[in-house]
Each structure stands twice: as structure tokens, then as C-alpha cells.
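Student: Please choose one part of this model and take me through it closely, in one connected account. I would like the packing geometry and the residues behind it treated together.

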Amino acid sequence: MTPLISSAAQPRENPKPEEQKLEESTVSLKSKPNLTMKSIPLLLMGCGGVGRKLLEHIVSCRSLHAKQGLHLRVVGVCDSKSLVVAPDMLTMELNDNFLSEVCRVKLDGSSLSTADQFGECRVFTKPGLTEKLIGVASLLGKSTGLAFVDCSASSDTIGMLTQVVNLGCCIVLANKKPLTATMDDYDKLVAHPRCLRHESTVGAGLPVIASLNRILSSGDPVHRIIGSLSGTLGYVMSELEDGKPLSQVVNAAKSLGYTEPDPRDDLSGMDVARKALILARLLGNRINLDDIKIESLYPEDMGPNVKSVEDFLSSGLVSLDNDIQERVNKASLNGNVLRYVCVIEGSRCEVGIQELPKNSPLGRLRGSDNVLEIYSRCYNERPLVIQGAGAGNDTTAAGVLADILDIQDLFP
């Protein structure tokens with residue numbers, strides 16, 4: 001039997017001229033660069049934890065995106081006081097070394113106004129910052145296109161975003177406030193649904209918005225949503241089950257970095273209410289934030305305008321321990337647990353503490369995960385359950401990046 005010989009080891013006669021031409025043509029094609037690389041110009045507003053992580057993700061994913069035939073061309077970065085842009089926004093970008101320096105400067109708490117010291121760029125400062133941003137959107141929106149990314153936590157961007165989307169730009173949001181503004185502003189922003197992505201406004205990187213949109217677009221009516229949409233309050237409520245006092249749990253959550261610098265920003269329920277409003281509006285409810293019943297975990301006389309953060313943590317919280325423990329004990333006697341949830345059912349939209357069965361998806365929640373139960377015609381007796389890390393700069397930034405990649409087909 002003739003032994004098998006690999007093609008690499010087999011002797012080969014000189015190729016015919018036609019074969020040689022074919023081989024040379026094949027080698028030439030393989031060596032050519034990817035001519036279908038798509039470039040997406042991007043401008044980032046907000047250089048806090050999420051914005052910095054987004055820039056880090058963009059830089060670290062360069063080789064991955066290149067394999068996908070995609071390049072994210074960062075043409076500008078903006079904080080609350082300064083805007084830094086590439087010298088020629090139509091053809092140039094802020095390079096990766098520059099972006100790394102931006103992250104370093106912002107981590108140190110400095111302004112972007114000194115950015116011209118570590119690379120070629122143009123720097124603009126207040127006043128007139130909004131006008132300059134709209135000018136960038138006007139320049140790129142109708143020519144190359146622009147992904148206008150809002151990772152700030154400001155309500156000042158609302159008016160700007162409604163103008164930018166009309167200039168042909170795509171909007172990607174981690175900022176919840178534009179979507180929880182008045183119905184008039186909301187209608188203007190969502191008037192171009194193909195150009196808007198906001199997955200990270202609810203559940204960080206969890207596929208909450210995408211899942212809900214898929215269900216609704218299939219004609220499956222959603223009649224109820226209930227969810228724990230605050231990692232901080234999810235942690236607090238699950239720790240209370242173990243008999244720990246509220247004051248101890250909140251102070252522990254703060255030391256772990258789960259809460260805002262002032263934990264009342266979490267305990268007020270306002271962040272959950274904003275997320276609930278975004279979901280309720282997706283279901284077609286034309287309501288505003290004032291229409292949502294919100295239960296705060298502290299009374300008004302312990303608010304930020306009355307007590308300092310230090311006084312609230314040292315003495316205010318302790319006075320709330322007994323009442324919340326009584327509610328925990330009562331729920332336990334009923335075979336239930338307490339969870340801080342949003343409930344959207346018909347026109348009803350509420351945010352607060354509810355008793356829920358221990359064996360339900362929300363009842364089994366431990367730690368800082370987000371859990372959302374969606375009930376519809378198809379998901380009636382057994383709801384669609386979405387669970388996972390629903391907070392954190394890294395997770396949220398990853399969700400924003402996924403949204404940017406999702407709109408790539410809208411760019412030439």
C-alpha cells in the first residue's frame with residue numbers, strides 16, 4: 001500500500017504558467033488589507049466611572065473589532081466643563097494613548113481643559129459648550145454619521161439630545177434622565193427609534209430593554225412587570241432577612257461601595273422610579289415621574305436638606321431599625337420576604353417594599369443582583385425572568401459598548 005504523505009512533504013513538479021498566475025493572484029488577495037472596514041465616529045459626554053470604563057473597553061477591544069471589520073473613531077470627549085475634539089473631526093480621531101490619558105486625568109478628578117498637554121487636539125470650555133457640541137453633531141451627523149453617547153448623570157443634556165437626534169446622529173444613553181423627562185421631551189427623543197439605544201438605563205448590561213422590545217414587537221402584550229432594579233436595595237433587603245438591623249446593613253453596603261456617597265440617593269427609591277418610568281413608557285403608559293407612587297426608606301425630616309450624611313448614618317438610621325424589623329418579622333410569619341421592587345401593571349406604576357413568596361425568583365434573590373419578572377400572554381403562569389449584575393461601572397460600560405455596536409448598520 002502506498003503510504004499517505006502530507007502535501008507539505010510531497011515533492012511537486014514545477015507549476016504550469018496558468019497555475020503560477022492563479023497562486024500569485026491568491027497570495028495577492030490574501031495580503032491586501034480589509035477594504036470593508038467600517039468606521040463609526042463617536043463623541044462621549046460624561047467622564048465619570050462609566051464613561052472612563054467605556055473608553056477603556058473601546059481601547060482594549062481594538063483587535064476584536066478589527067476582526068469584525070469595525071473601528072470606533074473617538075472624535076470627542078466632554079465633561080461638565082470642557083470639550084476635547086480631534087483637530088479634524090472628519091478624518092482624524094483622539095488616539096488610544098490620548099484616551100488613556102483622559103481616563104487618568106479624570107480619575108484624578110481633574111478637568112479636561114488641560115488635555116492639549118498630552119496630544120494634538122482642540123479644547124473648548126464654557127460658555128458656549130452646548131453650542132459647540134451641537135455644531136459637532138451638525139458637522140458629522142449629515143456626513144459621516146455620529147454616535148452621540150451620554151454617560152453623564154445630568155438633566156442638562158435633554159434639550160441638546162433632542163436637537164442632536166434631528167441632525168442625523170445616533171443616540172446611546174446610560175443617562176436615565178433624558179428618558180424620564182417630560183412626555184414632550186421624551187416624544188422628541190424617541191421620534192427616531194432606530195437611532196436610539198438605551199439598554200444600560202435599566203439593569204446596566206442586562207438585556208432588559210432588548211427583551212421587552214422583542215416581546216412587544218412580536219405582538220405579545222405585556223400586562224405585568226415586577227422587578228428589583230437596585231443592586232443596593234436588593235443587597236439591603238436580602239441582608240435584613242438574616243435579622244441584621246437596617247443601620248448596620250446600610251453602613252456595610254456603603255463600605256462595600258454599593259451605595260452612592262450619600263446612601264439616601266439609593267434609599268429614596270428615586271433611581272428605581274426612573275427605571276420603572278422608562279419601562280412603563282415602553283409599554284405605552286404616558287406618565288411622568290410625579291405619577292409614580294414612591295416609598296422612601298427614610299422620612300422627609302431625615303432628608304439631605306435637614307440632616308448631614310454623617311448625622312443620618314450615625315443617628316438617623318438607627319431610629320428606623322425597629323419599624324423595618326417588624327415588617328421583616330411579619331413577612332416571615334406569612335412565609336414571605338420583603339423586597340424593594342417596582343410594579344408596573346396596566347396604568348399602575350409603584351415603587352416600594354412588597355411582601356413576596358420566598359420561592360419566587362425575587363424571593364430567592366440574594367446580594368446585589370437585579371431580577372426582573374415579565375408577564376405577558378406567552379409568559380403568563382411562568383414569567384420571563386432576567387437576572388444578573390445590574391450595576392457597576394464595568395458592566396454598565398459594556399452594555400453601552402454593545403449598544404454602539406448594535407447601531408453599526410446605520411453607518412455608511
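Tutor: Before any packing angle is quoted, it helps to know that an axis here is a line fitted to C-alpha atoms, for helices over the stretch in contact, and that angles run from 0 to 180 degrees between N-to-C directions. The model is a predicted one, and the part I have chosen is residues 207-405, to which UniProt, in an unreviewed entry, assigns the feature "domain: Homoserine dehydrogenase catalytic". The span is 41% helix and 22% strand, and its end C-alpha atoms lie 15 Å apart.

Let us start with helix 8, residues 208-217, and with the loop that leads to it. That loop, between strand 7 (196-197) and helix 8, holds Ala204, whose phi is near 55°, a positive value in a residue other than glycine. Helix 8 then packs with helix 12, residues 270-282: their axes come within 11 Å and cross at roughly 20°. Because angles under 35 degrees count as roughly parallel, helix 8 and helix 12 are described as roughly parallel to each other, and their crossing is right-handed. On the side of helix 8 the contact is made by Val208, Ile209, Leu212, Asn213 and Leu216, and on the side of helix 12 by Ile278, Leu279 and Leu282. Sorted by class, this contact of helix 8 with helix 12 has 7 nonpolar residues, 1 polar residue and no charged residues.

The next helix pair has another geometry to consider. Helix 9 (residues 231-240) and helix 10 (residues 246-255) pack at an angle of about 140°, and their axes are 10 Å apart. Since an angle has to be over 145 degrees to count as roughly antiparallel, helix 9 and helix 10 are classed as oblique to each other. Their crossing is right-handed, and the residues that make the contact are Tyr235, Val236, Glu239 and Leu240 from helix 9, facing Leu246, Val249, Val250, Ala252 and Ala253 from helix 10. The residues of this contact of helix 9 with helix 10 divide into 8 nonpolar, no polar and 1 charged.

From the helices we can turn to the sheet. It is an open sheet of 6 strands with mixed pairing, in the order 9-11-10-8-12-13. Its edges are strand 9 (293-294) and strand 13 (384-389), each of which pairs on one side only. The pairing of strand 9 is with strand 11: the two run parallel and are joined by 2 bridges, and in this pairing Lys293 stands opposite Glu350 in strand 11.

Strand 11, residues 348-357, is also joined to strand 10, residues 336-345, by 10 bridges, and these two strands run antiparallel. The register can be followed through two residue pairs, for Asn336 stands opposite Pro357 in strand 11, while Ile344 stands opposite Cys349 in strand 11. Strand 10 and strand 11 form a hairpin with 2 residues between the strands, and in this hairpin Gly346 takes a positive phi near 65°. The hairpin strands also carry a helix: helix 14, residues 321-333, lies across strand 10 and strand 11 and runs at about 90° to strand 10.

For comparison, it is worth looking briefly at the rest of the chain, where there is an open sheet of 7 strands in the order 4-3-2-1-5-6-7, again with mixed pairing. The edge strands in that sheet are strand 4 and strand 7, each pairing on one side only. Strand 7 is joined to strand 6 (residues 170-173) by 2 bridges, the two strands running parallel, and Ile171 stands opposite Leu196 in strand 7. Helix 2, residues 49-60, lies across strand 1 (38-45), strand 2 (70-78) and strand 5 (147-150), and runs at about 160° to strand 1.

The loop between strand 4 (122-125) and helix 5 contains Pro127, and the peptide bond from Lys126 to Pro127 is cis, with omega near -5°. Helix 5 (residues 129-141) in turn packs with helix 6 (residues 158-166), their axes coming within 9 Å and crossing at roughly 20°; helix 5 and helix 6 are therefore roughly parallel to each other. The contact is made by Thr130, Leu133, Ile134 and Ala137 of helix 5, together with Met160, Gln163 and Val164 of helix 6. By class, that contact of helix 5 with helix 6 has 5 nonpolar, 2 polar and no charged residues.

Conventions
Residues are numbered from 1 along each chain as its sequence is written. This is a predicted model: local features need pLDDT of at least 70, side-chain atom pairs count only at pLDDT 80 or more; totals for chains, interfaces and linings use all residues. Side-chain values use heavy atoms; hydrogens and water are left out. Helices (H or I, at least four residues) and strands (E, at least two) are DSSP runs, numbered from the N terminus. Angles under 35 degrees count as roughly parallel, over 145 as roughly antiparallel, 65 to 115 as roughly perpendicular and the rest as oblique. A crossing is left-handed if the near helix is turned anticlockwise from the far one by less than a right angle, and right-handed if clockwise. Contact means heavy atoms within 4.5 Å. Ala, Val, Leu, Ile, Met, Phe, Trp, Tyr, Cys and Pro count as nonpolar, Asp, Glu, Lys and Arg as charged, and the others, Gly among them, as polar. UniProt positions are given in the numbering used here, feature names are shortened, and annotations may be inferred rather than shown by experiment. Two strands pair if DSSP finds at least two bridges between them.
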